Amino acid sequence: TLWVADLVGESSGILSGETLIYAIPITAGAMMASVFFGVTVSLIFSLVTTIFAGMLFGMDFWLFFYFLLGSFVGAHGVTPCRTRMIPIKAGFLVGCANVILIALRALLQENDVVFTLLVNSFFGFCGGIFSGILVTGLTPLAEIIFGYTTDIKLLELATMDQPLLQELMVQAPGTYHHSIIVGNMAEGAAKSIGANSLLAKVAGYYHDIGKIKKPHYFIENQFD
């Protein structure tokens, strides 16, 4: 990989192989892990991934530290991930962190080539943005393939524009009102114990959805 980057950089006459490496969206993996499994798992994943990345790029401790810090920023940046724009914003933060790291390294090395610093900073910033775009595009695909429900999907299920909730509202208005109250109560209870309040809320909304088709399957409707 490093050889390919060096080859491309030499052919351009302007870029170096390391400059191109700055744009690799390795932090996207940490951001995806944080969205699906939480920050703790993501940090462990980031550490393992960046160790392998440092080994892959010639046992370079600087690149290991560069990718590790970016991964940590990205993992925290997507928590909580309640809209599709959150990964883009997190990618922007990663890009800014990359630029700061690259500038600090240039100062420590007393690198006076301003053009090189600007080019490296640009590619580092693009690496963060690429990570955010990649996570935004891959998250819905991962939800479909693996059947995993993220907070973004839960928010989509919680909107009153959902056809199933609208059908419940029309066919069983009493049950609909009861479900909204249960959802709000469950949300408050979950917050008080540190559980996933959004999951509890949405589960409350849908917990009696079966009454649309089979109301007599529920004990409260079996009067005799």
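Q: Buried means under 20% relative accessible area, exposed means over 50%, and partly exposed lies in between (1.4 Å probe, protein chains only). Which residues of helix α4 are buried?

A: In α4, the buried residues are V39, S42, S46, T50, A53 and G54. The model is a predicted one, in which local features need pLDDT of at least 70 and side-chain atom pairs count only at pLDDT 80 or more, while totals for chains, interfaces and linings use all residues. Residues are numbered from 1 along each chain as its sequence is written, and side-chain values use heavy atoms, leaving out hydrogens and water.

Q: How do you know that the buried residues lie on the same side of α4?

A: Their arc, taken from the directions from the helix axis to the C-beta atoms, covers only 95 degrees, which places them on the same side of α4. On the other side of the helix, T40, I44 and F52 are exposed. The buried residues of α4 pack against α3 (27–37) and α5, where contact requires heavy atoms within 4.5 Å.

Q: What makes α4 a helix, and what is its span?

A: A helix is a DSSP run of H or I with at least four residues, a strand is a run of E with at least two, and both are numbered from the N terminus. α4 holds 18 residues, 39–56, and therefore meets the helix minimum. The expected span is 1.5 Å times one less than the number of residues. For α4 this gives 26 Å, and the distance from the first C-alpha to the last is close to that value, at 25 Å. Just after α4, G58 has a positive phi of about 80 degrees.

Q: Why is P87 called buried?

A: P87 has a relative accessible area of 2%, so it is buried. The residue belongs to helix α6. Apart from residues up to four places away in sequence, P87 touches M31, V78, C81, G132, V135 and T136. P87 and M32 are 55 residues apart in sequence, and their C-alpha atoms are 9.0 Å apart.

Q: What makes a group of residues a nonpolar core?

A: Such a core is a set of buried Ala, Val, Leu, Ile, Met, Phe, Trp, Tyr and Cys residues joined through side-chain atoms within 4.5 Å. The largest one here has 14 residues, and Y22, F57, W62, L63, Y66 and F67 have the most contacts inside it. At least two residues of this core come from each of α5 (61–77), α6 (86–108) and α7 (114–146). The helix that gives the most is α5, with four residues.

Q: What makes a space a cavity or a pocket?

A: On a 1 Å grid over the protein atoms alone, a cavity is a set of points where a 1.4 Å probe fits but cannot get out; a pocket is an open set with protein on both sides within 12 Å along at least five of seven lines, and lining residues have an atom within 4 Å of a point. Grid points are joined across faces, edges and corners, and a volume is the space filled by probe spheres set on the points. The whole structure contains two cavities of 30 Å³ or more, and the largest has about 50 Å³. Its lining includes Y22, Y66, F67 and S131. The largest pocket holds about 300 Å³. Of the 21 residues in its lining, S34, V35, T150, D151 and N196 lie nearest the centre.
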